[in-house]
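Q: Could you show me how to read a structure like this one, step by step?
A: Gladly; let's look together.

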Amino acid sequence: MPAERKATIYMDNAASTRVLDEVFQEMMPYLRDIYGNPSSLHSFGIKALQGINRARRQVASLIGAKPNEITFTSGGTESDNLAIKSTAYAIMESDAKRNLIITTSIEHEAILEPLKHLEKKGFEVIYLPVTREGILEPFRLGDSLSMTRTALVSIMFANNEIGTVQPIRALADITHRKGGNALFHSDAVQAVGKVPINAKYQGIDLLSISSHKLNGPKGAGALYIREGIRMNPLIHGGGQESLLRSGTENVHGIVGFGKACEIAAQKLQIYREDVTKLRDYLISKILKNIPYSRLNGSKSSRLPANAHFTFFGVNGEDLIIKLDEFGIAASTGSACSVKKQKPSHVLKAVGFSYEEITGSLRLSIGPQNTKDEIDFTVSVLSDIIAELRNLSPFSASTTTK
Ligand SMILES: Cc1ncc(COP(=O)(O)O)c(C=O)c1O
């Protein structure tokens, strides 16, 4: 075993990220000095409003939108709920026949749970299957669209567990060609700031973003709503955010979120080149050094920072606990599923056996990680896995598929 190291190696950036120093600095005045209510008419309020307006421009610019197409929320979950429930209810009000919603079986709970709620209210929801790599093939969506009945299609931009990036432009395109007036929503919580996104060019009507996934603070997020789309509010009150999301704005959170988006736009190139290279180094090093290991998800259509593996004959949760003893933070996948102690619905949906699911581990890196950290992590992981396999009555070689 390598000697225990005190420094923490954070490789769980898909769960949450560190607030950047520049973001923190930008937020500070809004916590202490610029404390006015952005709806107030005096200069305290005006300064707070100016901070929100600046953030709206910064968020919009990252995804090729206009500032008036950005609605601030409390995060990805609220954006997803707003996108789904609000549009569904608004469409149903104008045309009761349009009660069909189409999604995939690998969405985040922030999509699946509101859809379950809508099923109870009379909507029909189709959960499309994906390939073993996690890709939704556009023909499958095409086959289930109805010109007269489809209200909404919601397909995640990139998966939070296996990191697969969907062919979003093709999926949005087929939705608009074969789905009548159906709207196309994408949960882009894992993709924004990691891969280039242009909502207009990609044909997206609604897009969910979360601040804490891109080095901004928690408690802030946004929904992009293409100009002209009718939505019903989910939170009623003072009418903030163009009547769509009442409640005094989380000014410091929004300001930090905006700054994080501005920096993320400058760092897209770093993700495309440096982070991707580091990820590929991590992947090849693991596959070379750890027997009976396998990369999950897509080799080519994958988030720059995601590496997801199955290590046969070990339990992913044991790995996380042992890695933590060496100061390395990793995950089995979705933080939400971990709490529920349920096998991942994503890995089930891509067709993994129980053993393939339990032996899985996600390492999600970022620009802050170094080659040295990766070398250390792989060496620790290799020793831990060998030790766990020695203790296990089932040898990996007999259980590998
Ligand atoms: C794909 C996806 N959607 C939605 C969410 C929820 O975002 P938030 O934590 O901002 O509520 C997450 C968080 O892990 C996610 O990965």
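**A bent helix and a ligand**

A: Let's start with α7, which has a kink of about 45° centred on Q266. The bend at a residue is the angle between axes fitted to the seven residues ending there and the seven starting there. Helices (H or I, at least four residues) are DSSP runs, numbered from the N terminus. This is a predicted model, where local features need pLDDT of at least 70, side-chain atom pairs count only at pLDDT 80 or more, and totals for chains, interfaces and linings use all residues. Residues are numbered from 1 along each chain as its sequence is written, and side-chain values use heavy atoms, leaving out hydrogens and water.

Q: How far apart are the end C-alpha atoms of helix α7?
A: The expected span of a helix is 1.5 Å times one less than its number of residues. Helix α7 (residues 251-289) has 39 residues, and a straight helix would reach 57 Å, but its ends are only 48 Å apart.

Q: Which residues are closest to the ligand?
A: A residue counts as near if one of its heavy atoms lies within 4 Å. Here 13 residues surround the ligand, and the closest are T77, D187, Q190, S210 and K213. Helix α3 (residues 76-94) gives the largest share of this shell, 3 residues.

Q: What polar side-chain distances does the ligand have to T77, S210 and K213?
A: A polar contact with the ligand is a pair of N or O atoms within 3.5 Å. Oxygen atoms of the ligand lie 2.6 Å from a polar side-chain atom of T77, 2.7 Å from an N or O atom in the S210 side chain, and 2.6 Å from one in the K213 side chain.

Methods
Polar contact = N/O pair within 3.5 Å; in protein donor to acceptor, adjacent residues only side chain to side chain. Helix = DSSP H or I, 4+ residues; strand = E, 2+ residues; numbered from the N terminus.
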